[in-house]
Amino acid sequence: MQLYLPIADLPVNVFLVLAMGAAVGFVSGMFGIGGGFLMTPLLIFIGIAPAVAVASVASHIAASSFSGAISYWRRRAIDPALATVLLCGGVTGTALGVWTFTQLRALGQLDLMIALSYVVLLTTVGSLMFSEGLRAMMRTRRGAVPPRRTHNWIHGLPLKMRFKRSKIYLSVIPVVVVGIIIGFIGAVMGIGGGFILVPVMIYLLRVPTSTVIGTSMILTLVTMLFATMLHAMTNHLVDAVLALILMVGGVTGAQFGARAGQKIRGEQLRLLLGLLILAVGLRFAVELVIRPEDLFTIREIGVTG
Amino acid sequence: MIARAIIAALLMLQLGGTAWAERLIVSVSNHRVTVTPNYSGEELVLFGSVERDAATPANRNAYDLVVTVLGPRADMVTRRKERKFGIWINTDYRQFLQVPSYLALFANRPFDQITSPEIARRQQIGLNNVLLTQRVGTDYADVVPDDAFRSAFIRLRTQRGLYREDPSAVTFLTPTLFRTGIPLPAEVPIGTYEVEIKLFANGALVTKTETAFEIVKVGFEQFVATSARQNGFIYGLVTAALALTCGWSASIVFRKD
């Protein structure tokens with residue numbers, strides 16, 4: 001069934017987009033991430049302009065992280081204080097990101113920027129996560145105890161604050177900085193940033209795993225809602241029809257994904273997620289390095305009449 | 001109505017201003033193409049006839065016809081990728097100013113058989129002859145047809161079905177009655193389309209006329225597109241609310257008891 005998208009100005013097959021939403025939703029529910037880093041490239045692949053894809057995916061991630069956040073809230077797995085501090089940074093970062101997005105679009109290097117940041121981010125995070133998962137799996141096989149967590153330089157920073165639910169005592173500076181970075185790349189690349197935020201919070205900020213996913217979902221939710229608003233107000237590129245189809249598919253898939261995820265062990269999950277992220281990153285890298293089929297591209301800079 | 005009035009006015013001008021003895025009467029099958037949720041492109045039909053009168057030379061009865069369809073004009077940029085630091089990035093670019101977003105040229109036989117290269121150039125017959133204004137340095141001009149940017153531009157637009165030339169699309173049903181199809185792919189831009197019809201005989205331009213049609217979004221599509229553009233804030237709020245409702249209802253529907 002074909003449906004005409006009013007902002008993307010293009011007819012798409014509803015079932016294809018629904019299936020894409022469901023597939024990405026499944027993965028996002030399974031790993032507790034937003035899934036934007038998979039959704040945006042998929043949309044670009046079916047012919048939707050990168051700018052429209054990035055802007056519309058934001059609302060899709062908001063929907064799936066909200067449904068996730070509700071269930072984590074019920075299980076008291078969200079740290080409100082930590083979420084608030086993260087949000088201060090996240091909102092600032094998002095505003096900066098949408099502004100940068102507008103500037104890059106004017107310069108004509110947006111596609112390159114998106115592709116480059118995908119490559120750098122995804123291959124780095126993917127390989128880190130993959131090797132960490134591999135090491136964790138070897139450890140469990142050998143029956144060794146995981147190394148004891150030690151404090152690092154981050155814990156020596158001033159402006160310390162007590163986060164009760166997470167049972168940590170931490171400076172607000174690194175938390176706000178992490179929020180800014182995640183908000184920024186989220187808005188520019190059309191990703192929620194959950195797949196970066198979760199490892200950063202675990203390994204750098206030493207947030208306990210019990211509250212990490214729920215809290216990161218709150219940040220994803222608010223930054224993505226904010227990004228939707230800003231994209232709608234400045235670039236007018238949010239396609240509500242496209243977003244709605246993605247949301248319906250996404251939240252459904254996420255529920256099944258979450259159930260599947262509970263059946264897999266933690267380190268195997270990280271290994272799989274690492275592989276997935278790495279694969280997407282490499283795909284972008286290959287595209288940049290090999291000679292493109294067509295060296296020329298056309299872009300419209302505004303229709304008149 | 002307005003379109004008809006314009007056609008009528010043009011015909012009057014034609015009659016009053018030229019000494020040619022032929023007159024073109026044309027119409028398109030639909031002057032207003034509406035984009036609905038299940039819109040996936042359309043094909044219009046242009047039909048018309050060559051009206052002759054007493055002043056027409058009796059020996060002139062073989063006509064050639066060239067139909068040009070021009071979509072709404074837009075500024076575009078063509079960029080060329082080059083290998084820098086091991087990766088392919090956009091380096092050089094050329095701006096195309098107020099060029100048609102859709103361009104189709106139809107005729108009843110190859111352009112070079114209809115008229116001389118000189119007239120073809122002057123009358124902009126063929127994709128190589130249509131004026132595509134570009135910013136070249138500080139100049140605004142069109143360039144030679146085999147320029148790298150110009151030919152890439154035409155090639156890319158043709159690949160998307162937005163530029164086309166078909167020298168066999170016009171069919172003469174009788175020596176004076178003709179028709180041609182105007183294929184509009186799904187991704188054609190919204191706006192007003194001009195149609196120019198030029199009549200040739202023995203290689204010379206005899207007369208020409210114009211008509212137009214428009215592609216408009218209606219109903220829901222129109223509503224969404226205009227509210228996104230004009231009420232960005234409310235549009236964003238509604239989309240955000242939509243996201244929250246969707247996420248909330250999913251957590252209700254799939255709630256594990």
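# Loops, sheets and the A–B contact

User: Where is B:N202 placed in chain B?

Analyst: This is a predicted model, so take the geometry as computed. Two strands of chain B frame the spot, β13 (191-201) and β14 (204-217). B:N202 is placed in the loop between β13 and β14 of chain B.

User: Is B:N202 buried or exposed?

Analyst: B:N202 has a positive phi near 50 degrees despite not being a glycine. Most residues other than glycine have a negative phi. For burial, the cut-off for the outer class is 12 or fewer other C-beta atoms within 10 Å. B:N202 has 12 C-beta neighbours inside 10 Å, so it counts as exposed.

User: B:Q98 has a positive phi too; which burial class does it get?

Analyst: Phi of B:Q98 is near 50 degrees, and it isn't a glycine either. B:Q98 lies in strand β6 of chain B. The in-between class takes residues with counts above 12 and under 20. B:Q98 has 14 other C-beta atoms within 10 Å, so its class is partly exposed.

User: What partners strand β5 of chain B, and over how many bridges?

Analyst: Strand β5 (residues 73-84) of chain B pairs in the antiparallel sense with β6 (residues 87-100) of chain B. One of the pairs puts B:A74 opposite B:V99 in β6(B). So the partner, by DSSP bridges, is β6(B), and the count is eleven bridges.

User: Which residue in the hairpin of β5(B) and β6(B) takes a positive phi?

Analyst: That hairpin has two residues between the strands. The phi in question is near 50 degrees, and the residue that takes it is B:F85.

User: In which order do the six strands of the open sheet in chain B run?

Analyst: The pairing in this sheet is mixed. Its edges are β2 (32-35) and β10 (163-166) of chain B, each pairing on one side only. Neighbouring strands are turned by 15 degrees against each other on average, direction ignored. From one edge to the other, the order is β2-β14-β13-β4-β7-β10.

User: Which residue is the bridge partner of B:V67 in β7(B)?

Analyst: Strand β4 (residues 64-70) and strand β7 (residues 103-107) of chain B run antiparallel, joined by five bridges. For B:V67, the bridge partner in β7(B) is B:F106.

User: And the four-strand open sheet of chain B: which are its edge strands?

Analyst: Its order is β1-β3-β12-β11 in chain B, with antiparallel pairing. An edge strand pairs on one side only, and that applies to β1 (23-28) and β11 (171-172) of chain B.

User: How many bridges join β1(B) to β3 of chain B?

Analyst: β3 covers residues 42-51, and β1(B) runs antiparallel to it. In this pairing B:V28 stands opposite B:L46 in β3(B). The number of bridges joining the two strands is six.

User: Which helix gives the largest share of the largest nonpolar core?

Analyst: The core has 144 residues, and those touching the most other members include A:L221, A:L225, A:M247 and B:L65. The largest share is 14 residues, and it comes from residues 209-234 of chain A, which is helix α8.

User: Which chain B residues does A:M247 contact?

Analyst: Neighbours within four places in sequence are left aside here. In chain A the contacts are A:H60 and A:A63. On the chain B side they are B:A243 and B:C246.

User: How do the residues on the side of chain A that touches chain B divide?

Analyst: The contact takes 50 residues from chain A and 51 from chain B. The largest share of the chain A side, nine residues, comes from α9(A). By residue type, that side divides into 31 nonpolar, 15 polar and four charged.

User: How many residues of α2 of chain A are buried?

Analyst: Helix α2 spans residues 36-45 of chain A and is mostly covered. Among the buried residues are A:F37, A:M39 and A:P41. Just after the helix, A:G47 takes a positive phi of about 105 degrees. Of the ten residues in α2(A), the buried count is eight.

User: How far apart are the end C-alpha atoms of residues 233-254 of chain B?

Analyst: UniProt's unreviewed entry lists this stretch of chain B as "transmembrane region". The chain there is 95% helix and 0% strand. Its end C-alpha atoms are separated by 32 Å.

Terms used: Residues numbered from 1 in each chain as written. Chains lettered and ligands numbered in written order. Predicted model: local features only at pLDDT ≥ 70, side-chain atom pairs only at ≥ 80, totals over all residues. UniProt positions renumbered as here; feature names shortened; annotations may be inferred. Core = buried A, V, L, I, M, F, W, Y, C linked by C-beta atoms within 7 Å. Contact = placed C-beta atoms within 7 Å. Axes fitted to C-alpha atoms, helices over the stretch in contact; angles between N-to-C directions. Nonpolar A, V, L, I, M, F, W, Y, C, P; charged D, E, K, R; others polar.
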